[in-house]
Amino acid sequence: MIKVNENFGKVQDSYLFSTIAKKVAEYQKNNPDKKIIKLGIGDVTRPLPTPCIEAMKKASDEMGDANTFKGYGPEQGYDFLRKAIIENEYKDLGIDIDEVFVSDGAKCDTGNIVDLFSQDNKVAILDPVYPVYLDTNVLSGRSGKFNNGKYDGIVYMPTTEENNFIPELPKEKVDMIYLCFPNNPTGTTLSKEELKKWVDYARENKSIILFDSAYEGFIVDENIPHSIYEIEGAKDVAIEFKSFSKKAGFTGIRCAYTIVPKSLVAYDNDGNTYKLNSLWNRRQTTKFNGVSYVVQRAAEAVYTPEGQKEIEENINYYRENAKIILEGLKNINIKTYGGVNSPYIWLKVPEGKTSWEFFDELLEKANVVGTPGAGFGPSGEGYFRLTAFGTHENTIEAMKRIESIF
Ligand SMILES: *Cc1c(COP(=O)(O)O)cnc(C)c1O
């Protein structure tokens, strides 16, 4: 008899975006003449930079010619792209890294990385959180049952107003620590000094930090690390995930990369060490066959001067939206966080309302859709996320409407 992975019975369905979609559809059906503006979803809207498009066209032509046709590529990514990443993302920061694994997404990599680790590990996540880290650990058996809004056995590290969105080091010993900065959903960051505390903790406790840096491209402030490897000692304790999705508009094209330094190890019960770089290589060569040549050429083109210029223009476009949202909310005395080094604005819901009640109010009175904080974890209650990924016109109009109802 075929037995099921019973962890699927444990993991909670994420009703967040489907509930939002249902509520929006229902409202639109009853109010067909209303123009709803969506500032809820974490997807980009600006088109790809021109050099990326040109690179893909050229690569497509190469695929149509027997002399330049490419079949299976290296599972770790083509050298041309890995070199471009090392040069532009790391050498320029003074970081000596060459352990790059190209992939089709940071979502897949942050999810698949659990393959390397024993089920016995204690997992710590931020709360609120990008759900992938939590759900993939539940599905692979690193949690107990869902109980009162939380999974037993998982360590939740609240980031709220009370701690200025700076998570505290866990009181109990944890093994796998997921950090995401600039953060989704809160839009907040950690300084180098704050991040250093986590690196030191991981070194002392022989833990690993799984550092998601998907929003690195949005950083403007000086003292915010663009890579965890800017922190001394991080190469011994951290895996870093980066993506072209938010930085270069690749959410639909799919290209990302993960750094697994050769100095990283995990231990068995007898204290023997295993190099995580070798394990990840083994995992990828077993289960993954690489990113398409055409897409890797597009990613390489991100680093051309024209590519860099267009990316910066697009990110500035989103930054301008974030500013409009921050100013609008300030005008009506709503407290905000994030939105400076991040496309996400995390706002404090006015006293006395839950984040879902605030959602309903914005939808019904302003016809604006955002994301209720409670959908990202128990500590997200009382907060609400707006994104800067809309158009200027819609963002301005949305803020005008929101201001008018308060
Ligand atoms: C969008 C996002 C990613 C990027 O995922 P891709 O699979 O590379 O598109 C990764 N982490 C977080 C927190 C995100 O919000």
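**Figure 1. Contribution of helix H11 to the largest cavity of the predicted model.** Helix H11 provides four residues to the lining of the largest cavity, the most of any contributor. The model shown is predicted. Helix H11 spans residues 305–331, and helix H8 (244–248) likewise supplies at least two residues of this lining. The cavity encloses about 50 Å³ of space.

**Figure 2. Lining of the largest cavity and its position between domains.** The lining consists of Val44, Arg46, Pro47, Lys246, Lys247, Ala248, Gly249, Ile311, Asn314, Ile315 and Tyr318. By class, six of these residues are nonpolar, two are polar and three are charged. The largest cavity lies between domain 1 (6–47 + 306–405) and domain 2 (53–305), because both domains give residues to its lining.

**Figure 3. The second largest cavity.** Two cavities of 30 Å³ or more are present in the structure, and the second largest holds about 40 Å³ of space. Its lining is formed by Glu89, Ser213, Ala214, Glu216, Gly217, Lys242, Ser243, Lys247 and Tyr257. These residues comprise two nonpolar, three polar and four charged residues. Lys247 appears in this lining and also in that of the largest cavity.

**Figure 4. Cis peptide bonds preceding Pro128 and Pro185.** Most peptide bonds are trans. The bond from Asp127 to Pro128 is cis, with omega near 5°. Pro128 is located in the loop that connects strand E3 (123–127) with helix H6 (131–139). A cis bond also joins Asn184 to Pro185, here with omega near 15°. Pro185 belongs to the loop between strand E7 (176–180) and helix H7 (192–205).

**Figure 5. Positive phi at Asn148, an exposed loop residue.** Most residues other than glycine have a negative phi. Asn148, a residue other than glycine, has a positive phi near 55°. Its position is in the loop between strand E4 (146–147) and strand E5 (150–151). Asn148 has a relative accessibility of 79% and therefore counts as exposed, the cut-off being over 50%.

**Figure 6. Positive phi at Asn367, a buried loop residue.** Asn367 has a positive phi of about 55°, although this residue is not a glycine. The loop that contains Asn367 lies between helix H12 (355–366) and strand E15 (368–369). With a relative accessibility of 7%, Asn367 counts as buried, since buried means under 20%. Asn148, by contrast, counts as exposed.

Technical notes:
Residues are numbered from 1 along each chain as its sequence is written. This is a predicted model: local features need pLDDT of at least 70, side-chain atom pairs count only at pLDDT 80 or more; totals for chains, interfaces and linings use all residues. Side-chain values use heavy atoms; hydrogens and water are left out. On a 1 Å grid over the protein atoms alone, a cavity is a set of points where a 1.4 Å probe fits but cannot get out, and a pocket is an open set with protein on both sides within 12 Å along at least five of seven lines; lining residues have an atom within 4 Å of a point. Grid points are joined across faces, edges and corners, and a volume is the space filled by probe spheres set on the points. Ala, Val, Leu, Ile, Met, Phe, Trp, Tyr, Cys and Pro count as nonpolar, Asp, Glu, Lys and Arg as charged, and the others, Gly among them, as polar. Domain bounds come from an automatic or database domain assignment. Buried means under 20% relative accessible area, exposed over 50%, partly exposed in between (1.4 Å probe, protein chains only).
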